[in-house]
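The following note was prepared for a colleague who asked for a reading of the structure shown here. It is arranged as numbered points.

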Amino acid sequence: MVQITPKGCHMSPKLPIHNSQTITEFLNLHQSQISEEDSQDSYKFAFDDEAFLARRETMGIRFQLELLKPEVLLKEQDIDHTITVFGSTRFLSEAEALALKEKAKTSDEIAAANKALLHSQYYESARQFGALVASYNSTQKKDSNKLHICTGGGPGIMEAANRGAFESGDKTIGFNISLPREQHPNEYISPGLSFRFHYFALRKMHFMLRARAIVAYPGGFGSFDELFEVLTLIQTKKVVPIPVILVGKSYWNEMLNFNGMVEFGVIDQVDMESIHFCETAEEAWQVIRDWYQLG
């Protein structure tokens, strides 16, 4: 079938061929590096040929590998249940915030230090939450009964939650993502449980595959993205309902008006059943204990 283009209609040269950054572009590979024009390159095993695996045509294979690798390694470490913790990457620990305040000289530096100190309460709360989960795990003899802290593996709230569990001697997981300005894993992820993803979609799948609860601290676009992804999955019954805990009532109530959405008729009251507002790490952990009737 021949497609007829209306006279005078031409595709804009500004329209992109695709709207995603390919792994080839991410790795800064030139066409000459993936062309494999000599036998030394073409003779390689396909699975041992990085240039071939970086082609756009092998994207589906890379999807499978990003899904499979963490699945295999987490099973090998007997990790069945996780609590996924979201929140801002910008929050500092209380000690770091106090150090900033001590060094601050200008009015802008003092204002930034005061804000950092205010936000550090959330860092310390997430750290305490990680420790509470780890403390519970220490009372469980079977790995199948344990809940492990899982984060995006970066700084801020993610670091804090990983840190609380790690400092208490528990296993802790980090799902890092490749970014234009590279985000390095925080130092509180257990050996062998730090993973790197290129595709947000596959990372999100792993956030949810074992999640028995979501704990969200104040955060930006990334935190809202993850939060609404989870709420949509619950609403559409793609996953079994799990508790979604929002720590910091004033922040979440100012940013989001769930009751207004119910009144407007775009969500139902039943959609609110999984959402819990808390102020402290203890309250957040108690919601999970009550939901699953943990001893």
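The points below begin with the chain as a whole and then turn to helix packing and to single residues.

1. Overall composition. The structure is a predicted model. Its chain contains 13 helices and 7 strands. There are 295 residues, and 41% of them count as buried. The accessible surface of the chain is about 17700 Å², with 55% of that area belonging to carbon and sulfur atoms. Among contacts in the chain with a separation of 6 or more, 67% join residues that lie 24 or more positions apart.

2. Helix 9 against helix 10. Helix 9 spans residues 200–209 and helix 10 spans residues 221–235; their axes come within 11 Å and cross at roughly 60°. An angle of roughly 60° falls outside the range below 35 degrees for roughly parallel and the range of 65 to 115 degrees for roughly perpendicular, and the two helices are therefore oblique to each other. The crossing of helix 9 with helix 10 is right-handed. On the side of helix 9, the residues involved are Arg-203, Lys-204, Phe-207 and Met-208, and they meet Asp-225, Glu-226, Glu-229, Val-230 and Leu-233 of helix 10. By class, this contact comprises 5 charged residues, 4 nonpolar residues and no polar ones.

3. Helix 5 against helix 9. Helix 9 also packs with helix 5 (residues 59–76), at an angle of about 30° and with the axes 10 Å apart. Helix 5 is therefore roughly parallel to helix 9, since angles under 35 degrees are counted in that way. This crossing, of helix 5 and helix 9, is right-handed. Helix 5 contributes Phe-63, Glu-66, Leu-67, Pro-70 and Glu-71 to the contact, and helix 9 contributes Leu-202, Met-205, His-206 and Leu-209. The residues of this contact divide into 6 nonpolar, 1 polar and 2 charged.

4. Leu-67 within that contact. Which residues does Leu-67 touch, leaving aside its neighbours within four places in sequence? Leu-67, a residue of helix 5, is then in contact with Leu-202, Met-205, His-206 and Leu-209. These four are the residues that helix 9 places in its contact with helix 5. Leu-67 has a relative accessible area of 31% and is partly exposed. The C-alpha atom of Leu-67 is separated by 10.0 Å from that of Tyr-199, a residue 132 residues away along the chain.

5. Helix 7 against helix 13. Helix 13 covers residues 281–292; its axis and that of helix 7 are 8 Å apart, and the two helices pack at an angle of about 40°. Helix 7 and helix 13 are therefore oblique to each other. Helix 7 passes helix 13 in a right-handed crossing. From helix 7, the contact draws on Ser-125, Gln-128, Phe-129, Leu-132, Val-133 and Tyr-136; from helix 13, on Ala-281, Glu-282, Ala-284, Trp-285, Ile-288 and Arg-289. The contact of helix 7 with helix 13 has 8 nonpolar, 2 polar and 2 charged residues.

6. The covered helix 8. Is helix 8 mostly covered or mostly uncovered? Helix 8 (residues 157–167) is mostly covered, with 9 of its 11 residues buried. The buried residues are Ile-157, Met-158, Glu-159, Ala-160, Ala-161, Asn-162, Arg-163, Gly-164 and Ala-165. Their cover includes helix 7 (107–137) together with strand 1 (82–86), strand 2 (148–151) and strand 3 (172–177). Just after helix 8, Gly-169 adopts a positive phi of about 85°.

7. Positive phi outside glycine. Asp-78 has a phi near 60°, a positive value in a residue other than glycine. Asp-78 is located in the loop between helix 5 and strand 1. With a relative accessible area of 42%, Asp-78 is partly exposed. Gln-293 likewise has a positive phi, near 55°, and is a residue other than glycine. Gln-293 belongs to the segment after helix 13. The relative accessibility of Gln-293 is 72%, and this residue therefore counts as exposed, the cut-off being over 50%.

Definitions and conventions: Residues are numbered from 1 along each chain as its sequence is written. This is a predicted model: local features need pLDDT of at least 70, side-chain atom pairs count only at pLDDT 80 or more; totals for chains, interfaces and linings use all residues. Side-chain values use heavy atoms; hydrogens and water are left out. Buried means under 20% relative accessible area, exposed over 50%, partly exposed in between (1.4 Å probe, protein chains only). Contact means heavy atoms within 4.5 Å. Accessible areas come from the Shrake-Rupley method with a 1.4 Å probe; for residues, only the protein chains shown count as cover. Axes are lines fitted to C-alpha atoms, for helices over the stretch in contact, and angles run from 0 to 180 degrees between N-to-C directions. Angles under 35 degrees count as roughly parallel, over 145 as roughly antiparallel, 65 to 115 as roughly perpendicular and the rest as oblique. A crossing is left-handed if the near helix is turned anticlockwise from the far one by less than a right angle, and right-handed if clockwise. Ala, Val, Leu, Ile, Met, Phe, Trp, Tyr, Cys and Pro count as nonpolar, Asp, Glu, Lys and Arg as charged, and the others, Gly among them, as polar.
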